[in-house]
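This report describes side-chain contacts in a protein model, for a reader who has not met it before. Charged pairs are treated first, and aromatic rings follow.

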Amino acid sequence: MATMGRPRQFDRNAAVKTAMHLFWEHGYESTSLSQLKAGLGISAPSFYAAFASKEALFQEAVTCYLTSHGRVTECLWDADLAPRAAIELALRRSAAMQCEEGHPKGCMVSLGVMSASGAGNEGVTAALGASRARTRAGILACVERGIAHGQLAPATDPQALATVFDSFLTGLSTLARDGATHASLDAAITQAMRLWDAASR
């Protein structure tokens, strides 16, 4: 008589990563429990025992993203980098990440603007909103540092220039989702950085 093998152990980290990809691709509201259970390969009772709720799993998935892919803009806070270099590096790292294989295209943080837009879901994507705010503040800090160090003209409007780079960064997600190549986004970043150079004169 054949003996049964040991049941496969549930890999929570792998499950959260799978869920992250589903939420990244479809957003919070559009990702159904059926998709999650199928993607994770577990039953409804096992799902609730492991994660309690769809929202709780989403929060774990967001944390997984922010501590991995989402770190591409952390260089904005690196005081050892020149401010222009920090912004350029953040843009180039983000563009490369958004176009690479192995996960959905675009940025989960930027795409999260519409991930849970329904009434009552304001708190669901709060961590994504906080991440966008941190990146926005990092860009502004770089511009202000550039002005303070004489790398940008004193008359430069820091908020306006920072908003240009922030909106450009946010727009990369739409382009990546629409199939823009990494090469095309990288070339666009080179062009965008000329705005900094123009403001330095």
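Aspartate 197 is partly exposed, with a relative accessibility of 24%. The model in which this residue is seen is a predicted one.

**Salt bridges**

Side chains of opposite charge can pair when their charged atoms come close. Aspartate 197 takes part in such a contact: a salt bridge joins this residue to arginine 84, with 2.8 Å between the closest N and O atoms. Because aspartate 197 belongs to helix H9 (residues 182-199) and arginine 84 to helix H5, the pair ties together parts that are 113 residues apart in sequence.

Arginine 84 is itself partly exposed, at 24% relative accessibility. Its side chain also meets that of glutamate 88 in a salt bridge. Arginine 84 and glutamate 88 are 4 residues apart in helix H5, which means that about one helical turn separates them. Both contacts belong to a wider arrangement, a network of salt bridges that links Arg84, Glu88, Arg92, Asp186 and Asp197.

In total, the model has 8 salt bridges. Three of them are listed below.

| Salt bridge | N to O distance |
|---|---|
| Aspartate 197 and arginine 84 | 2.8 Å |
| Arginine 84 and glutamate 88 | 2.9 Å |
| Glutamate 74 and arginine 134 | 2.9 Å |

In the last row, glutamate 74 lies in the loop between helix H4 (54-66) and helix H5 (83-99), whereas arginine 134 lies in helix H7 (residues 126-148), so this salt bridge ties together parts that are 60 residues apart in sequence. Glutamate 74 is partly exposed at 27% relative accessibility, and arginine 134 is likewise partly exposed, with a relative accessible area of 39%.

**Aromatic rings**

The model contains 6 aromatic pairs. In one of them, the ring centres of phenylalanine 23 and phenylalanine 58 are 4.9 Å apart and the planes stand at 85°, so the pair is edge-to-face. This pair links distant parts of the chain, since phenylalanine 23 is in helix H1 (residues 12-26) and phenylalanine 58 is in helix H4, 35 residues apart. Phenylalanine 23 is buried, at 2% relative accessibility, and phenylalanine 58 is buried as well, with a relative accessible area of 0%.

Phenylalanine 58 also pairs with tyrosine 28: their ring centres are 5.0 Å apart with planes at 65°, and the pair is therefore edge-to-face. Tyrosine 28 is in the loop between H1 and helix H2 (33-40), 30 residues from phenylalanine 58. Together, ring pairs link Phe23, Tyr28 and Phe58 into a cluster.

A charged group also meets tyrosine 28: the charged end of lysine 54 sits over the tyrosine ring, 4.6 Å from its centre.

Methods: Residues numbered from 1 in each chain as written. Predicted model: local features only at pLDDT ≥ 70, side-chain atom pairs only at ≥ 80, totals over all residues. Heavy atoms only, no water. Salt bridge = Lys/Arg side-chain N within 4 Å of Asp/Glu carboxyl O. Helix = DSSP H or I, 4+ residues; strand = E, 2+ residues; numbered from the N terminus. Buried < 20%, exposed > 50% of the residue type's maximum accessible area, 1.4 Å probe, protein only. Phe/Tyr/Trp six-rings, centres within 6.5 Å; stacked < 30°, edge-to-face > 60°. Lys NZ or Arg CZ within 6 Å of the ring centre and 35° of its normal.
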